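Here are my notes for your first reading of this model. Please keep the structure open and go through the points in order.

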Amino acid sequence: MSDTIPTPHIELYVRSMLPDGAHERQEAVIDRLQTLDENDHIDGFNVIVWGKQIAPQSAAARTEEGTYILNRVAEFKQWALTNNVSLDSFYQDTTVDSEVAESAYDTMALPVMGLAEYDGNELVHVAPCTKGDVVHTIMDRLERLEAGQPPALDQERGGVSVV
């Protein structure tokens with residue numbers, strides 16, 4: 001790895017109840033992360049399992065796990081605002097009608113898989129994300145890590161002159 005590019009720590013978020021075909025994609029990403037770690041392209045990784053959705057106002061959201069998820073998503077949203085990217089492919093807010101409670105409640109649908117890249121404690125990249133018409137996928141980022149390259153968003157910023 002280049003001396004100018006830090007070796008990041010990766011957090012991979014995976015959904016516990018998988019839609020068809022997602023298990024193989026998750027396994028491929030985890031295998032790739034293990035290889036990147038073994039070859040010192042990353043400084044380790046964690047796999048965090050989460051569910052399909054979380055209701056921010058629910059009792060579950062007030063648990064340690066629920067608070068962790070909501071705090072991470074808030075951090076991802078702040079990163080997206082700072083970097084002028086969209087995380088629409090990462091999470092979506094929805095309203096669910098509950099027949100049992102005879103009311104509706106807000107939920108946040110969590111992605112099947114999401115990647116957060118940290119340099120120390122600083123969040124430096126989230127995938128998938130979208131900038132303009134370009135979607136930056138998890139596999140795109142892993143390929144760039146393997147090649148010793150910074151996130152594509154960093155290169156885009158490098159080519160822009162600020163007056």
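1. Start with Thr 107, which sits in strand β5, residues 103–109. The model is a predicted one. Is Thr 107 buried or exposed? Its relative accessibility is 2%, so Thr 107 counts as buried, the limit for that word being under 20%. Leaving out residues up to four places away in sequence, Thr 107 touches Gln 53, Ile 54, Ala 55 and Pro 56, and also Gln 92, Asp 93, Thr 94 and Val 96.

2. Next, look at the chain as a whole. How many helices and strands does the chain have? There are four helices and nine strands. Read from the N terminus, the order of the elements is β-α-β-β-α-β-β-β-β-β-β-α-α. The chain has 163 residues, and 40% of them count as buried. About 9,500 Å² of the chain is exposed, with 48% of that area supplied by carbon and sulfur atoms. Among contacts with a separation of 6 or more, 64% are between residues 24 or more positions apart.

3. Leu 115 is a second buried residue to inspect; its relative accessibility is 0%, and therefore it counts as buried. Leu 115 belongs to strand β6, which covers residues 113–119. Which residues does Leu 115 contact, apart from its neighbours within four places in sequence? They are Ile 10, Glu 11, Leu 12, Phe 90, His 125, Val 126, Ala 127, Ile 138, Arg 141 and Leu 142. One of these contacts, His 125, is ten residues along the chain from Leu 115, and the C-alpha atoms of the two are 8.0 Å apart.

4. Now turn to the charged pairs. Side chains of opposite charge can pair when their charged atoms come close. Over the whole structure, a search gives four salt bridges. One of them joins the side chains of Glu 11 and Arg 72, with an N to O distance of 2.6 Å. Glu 11 is in strand β1 (residues 9–15) and Arg 72 in helix α2 (residues 64–83), so this pair links distant parts of the chain, 61 residues apart. Both Glu 11 and Arg 72 are buried. Glu 11 and Arg 72 also belong, together with Glu 75, to a network of salt bridges.

5. A salt bridge also connects Arg 32 and Glu 146, where the closest N and O atoms are 2.9 Å apart. Why does this pair tie together separate parts of the sequence? Arg 32 lies in helix α1 and Glu 146 in helix α3 (residues 138–146), so the parts joined are 114 residues apart in sequence. Glu 146 has a relative accessible area of 37% and is therefore partly exposed.

6. Arg 141 and Glu 117 form another salt bridge through their side chains, at 2.6 Å from N to O. Because Arg 141 is in helix α3 and Glu 117 in strand β6, the pair ties together parts that are 24 residues apart in sequence. Arg 141 and Glu 117 are both buried. Arg 141 has already appeared among the contacts of Leu 115.

7. Charge is also found at the surface. Which residues form the negative surface patch? The patch consists of Asp 20, Glu 24, Glu 27 and Asp 31. Asp 31 is placed in helix α1, residues 22–38. With 42% relative accessibility, Asp 31 counts as partly exposed, because that term covers values between 20% and 50%.

8. Finally, check the backbone. Most residues other than glycine have a negative phi, and most peptide bonds are trans. Asp 40 is not a glycine, yet its phi is positive, about 60°. Asp 40 is in the loop between α1 and β2 (45–50), and its 55% relative accessibility makes it count as exposed. Asn 84, also not a glycine, has a positive phi of about 55°. Asn 84 is in the loop between α2 and β4 (92–98) and counts as exposed at 61% relative accessibility. The peptide bond from Ala 127 to Pro 128 is cis, its omega being near 5°. Pro 128 is in the loop between β7 (122–127) and β8 (129–131).

How values were computed. Residues are numbered from 1 along each chain as its sequence is written. This is a predicted model: local features need pLDDT of at least 70, side-chain atom pairs count only at pLDDT 80 or more; totals for chains, interfaces and linings use all residues. Side-chain values use heavy atoms; hydrogens and water are left out. Patches are made of residues with over 30% relative accessible area and no salt bridge: like charges are joined within 9 Å, nonpolar side chains (Val, Leu, Ile, Met, Phe, Trp, Tyr) within 5 Å. Accessible areas come from the Shrake-Rupley method with a 1.4 Å probe; for residues, only the protein chains shown count as cover. Lys and Arg count as positive and Asp and Glu as negative; His and the chain ends are not counted. The place of a charge is taken as NZ of Lys, CZ of Arg, CG of Asp or CD of Glu. Helices (H or I, at least four residues) and strands (E, at least two) are DSSP runs, numbered from the N terminus. Buried means under 20% relative accessible area, exposed over 50%, partly exposed in between (1.4 Å probe, protein chains only). Contact means heavy atoms within 4.5 Å.
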